[in-house]
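Biologist: I am new to this model and should be grateful for a close look at a single part of it. Please choose a loop, describe it in detail, and then follow its contacts outward into the rest of the chain.

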Amino acid sequence: MSTVVPGTGEPAPQPAAPRHRSPLLARHGAVPAAGPDAGVAWHYGDPTAEQRALARGGAVVDQSHLGVVTVTGPDRLSWLHSLTSQDLTDLPPRTSTELLVLDPQGRLEHAAGVVDDGTTTWLLTETAPALAAWLDRMRFMLRVEVADVTDAWAAVAEPLDAEGGEGEPVTWRDPWPRTAAGGTRYGPADDDHPGVDRRWRLVLVPRDRLVEEVRAREAAGWPLVGTWAAEALRVEAWRPRTSHEVDERTIPHELDWLRTAVHLHKGCYRGQETIARVHNLGRPPRRLVMLHLDGSGHLVPEAGAEVYLPDEQGGATRAGDASEGSVPGRPVGRVTTVARHHELGPVALAVVKRSVPEDAVLLVDCDGGAVSAGQEVVVPGEGLSADRPAPRGPLTRGLGHHPMLGG
């Protein structure tokens with residue numbers, strides 16, 4: 001059955017063929033992933049056991065579908081600092097961080113994990129061709145060279161909380177959710193965040209040695225697991241991902257991405273005005289939530305499904321209570337990621353209007369009905385960061401209703 005773009009009735013665009021098809025898909029029992037993870041395995045026959053192994057901290061995940069961009073030259077860090085949301089001028093070698101590239105209105109265009117090995121800055125991203133092309137156009141007269149090296153390098157993921165050392169492969173350690181210097185948070189304190197125990201790093205290996213590198217980890221007792229496991233633990237950790245949680249309107253505040261990817265006290269860069277104004281004066285118009293989905297009716301939504309706030313008189317809060325196309329309520333957002341967690345059951349991330357009550361039980365549209373969903377607040381409805389500056393006086397007339405401030 002052909003799919004349509006939710007809410008439009010128009011046929012959904014057909015996904016492009018993956019740039020690389022992992023040789024590990026030849027493994028017995030491998031089930032290919034789809035969508036942004038096409039090219040690697042969704043699972044290898046036992047997704048529940050795979051997820052438990054990854055949660056225990058002893059597994060390896062094929063992430064060879066991710067893109068890799070390099071920037072070389074003596075001006076590389078100061079140049080990237082001037083273009084992106086992160087403070088990179090004094091980034092020490094083998095120290096991981098992440099950056100965002102924003103449009104002039106502060107909307108998110110690219111995200112990348114960043115690590116510098118002393119001579120080269122490595123960017124791990126889901127948008128390698130577009131990011132490399134944009135960076136190349138921005139070089140002007142500076143001493144930098146940009147290259148998309150995805151064809152030469154592949155990433156494998158490990159559940160370790162450690163940077164790469166001297167003489168070791170290039171390694172990016174995910175900083176989420178620890179609030180970086182110069183960053184701020186909309187969600188809970190770092191030690192209270194559900195992602196604080198998620199360990200995740202990406203190790204870059206020559207693409208032609210991917211199989212050998214995975215086998216070496218298997219020989220040490222780590223099973224190979226698929227993206228089903230990795231995505232379920234990412235949802236549990238509220239970790240945003242560009243290909244899933246970001247759309248054409250996303251600003252970083254909505255996803256609590258100022259924790260790790262934005263430095264609020266650095267010099268000017270494209271989109272900085274929106275970052276500062278929303279943080280200092282406004283509120284994000286939308287907010288990320290984690291949804292606990294009612295699985296009793298065996299209905300599971302797909303990414304892109306609409307989320308509804310039920311009518312006060314509607315009362316349909318059980319799976320199957322609403323027929324397709326007649327969910328009793330008003331649309332307030334969309335599901336961005338759906339996962340089956342080995343302990344939590346069916347869960348999802350969604351982006352909803354900030355005005356949605358935090359205690360409301362929501363409805364999510366599914367093929368065959370609707371399922372109820374309880375919220376776990378990621379970005380609070382009040383829309384204020386932990387270090388919001390105290391107001392110095394009344395807002396300028398109309399400022400609180402600026403469309404990008406969501407006041």
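Modeller: P177 is found in the loop between β10 (171–173) and β11 (201–206), where a strand is a DSSP run of E of at least two residues and a helix a DSSP run of H or I of at least four, both numbered from the N terminus. Residues are numbered from 1 along each chain as its sequence is written. The model is predicted: local features need pLDDT of at least 70, side-chain atom pairs count only at pLDDT 80 or more, and totals for chains, interfaces and linings use all residues, while side-chain values use heavy atoms, with hydrogens and water left out.

The peptide bond that leads from W176 into P177 is cis, its omega being near 0 degrees. The loop between β10 and β11 also holds W200. With a relative accessible area of 10%, W200 is buried (buried means under 20%, exposed over 50%, and partly exposed in between, using a 1.4 Å probe and protein chains only).

What surrounds W200? Leaving aside neighbours within four places in sequence, W200 is in contact (heavy atoms within 4.5 Å) with L54, V61, Q63, A157, E158, L160, W172, R173, D174 and A230. One of these partners, W172, is 28 residues from W200 along the chain, and the two C-alpha atoms are separated by 8.8 Å.

Two other partners of W200, L54 and A230, lead to a pair of helices. L54 is one of the residues of α1 that meet α5, and A230 is one of the residues of α5 that meet α1. Two packed helices are described by the angle between their axes and the distance between the axes. Helix α1 (residues 47–56) and helix α5 (residues 227–236) pack at an angle of about 55 degrees, and their axes are 8 Å apart; the axes are lines fitted to C-alpha atoms over the stretch in contact, and angles run from 0 to 180 degrees between N-to-C directions. The two helices are therefore oblique to each other, since angles under 35 degrees count as roughly parallel, over 145 as roughly antiparallel, 65 to 115 as roughly perpendicular and the rest as oblique. The crossing of α1 past α5 is right-handed, that is, the near helix is turned clockwise from the far one by less than a right angle.

On the α1 side of this contact stand P47, E50, Q51, L54 and A55, and they meet W228, A229, A230, A232 and L233 of α5. By class, the residues of this contact comprise 8 nonpolar, 1 polar and 1 charged (Ala, Val, Leu, Ile, Met, Phe, Trp, Tyr, Cys and Pro count as nonpolar, Asp, Glu, Lys and Arg as charged, and the others, Gly among them, as polar). An α-helix has 3.6 residues a turn, so residues three or four places apart point the same way.

The next loop to consider joins α5 to α6 (242–245), and W238 has its place there. Phi of W238 is near 60 degrees, a positive value in a residue other than glycine. W238 counts as buried, at 4% relative accessibility. R94 likewise has a positive phi near 60 degrees without being glycine, and its place is in the loop between α2 and β5 (97–102). R94 counts as partly exposed, at 28% relative accessibility.

Helix α2 (residues 76–83), which precedes the loop of R94, has 6 of its 8 residues buried, so this helix is largely enclosed by the rest of the structure. The buried residues of α2 are R76, L77, W79, L80, H81 and L83. Their cover includes β4 (67–72), β6 (108–116), β7 (120–125), α3 (128–137) and β8 (145–148).

For the setting as a whole, the chain has 7 helices and 18 strands. Of its 407 residues, 54% are buried. Among contacts with a separation of 6 or more, 73% join residues 24 or more positions apart. A search of the whole structure finds 0 disulfides, a disulfide being a pair of cysteine sulfur atoms within 2.5 Å. As for individual cysteines, C268 counts as exposed at 68% relative accessibility, whereas C366 counts as buried at 5%.
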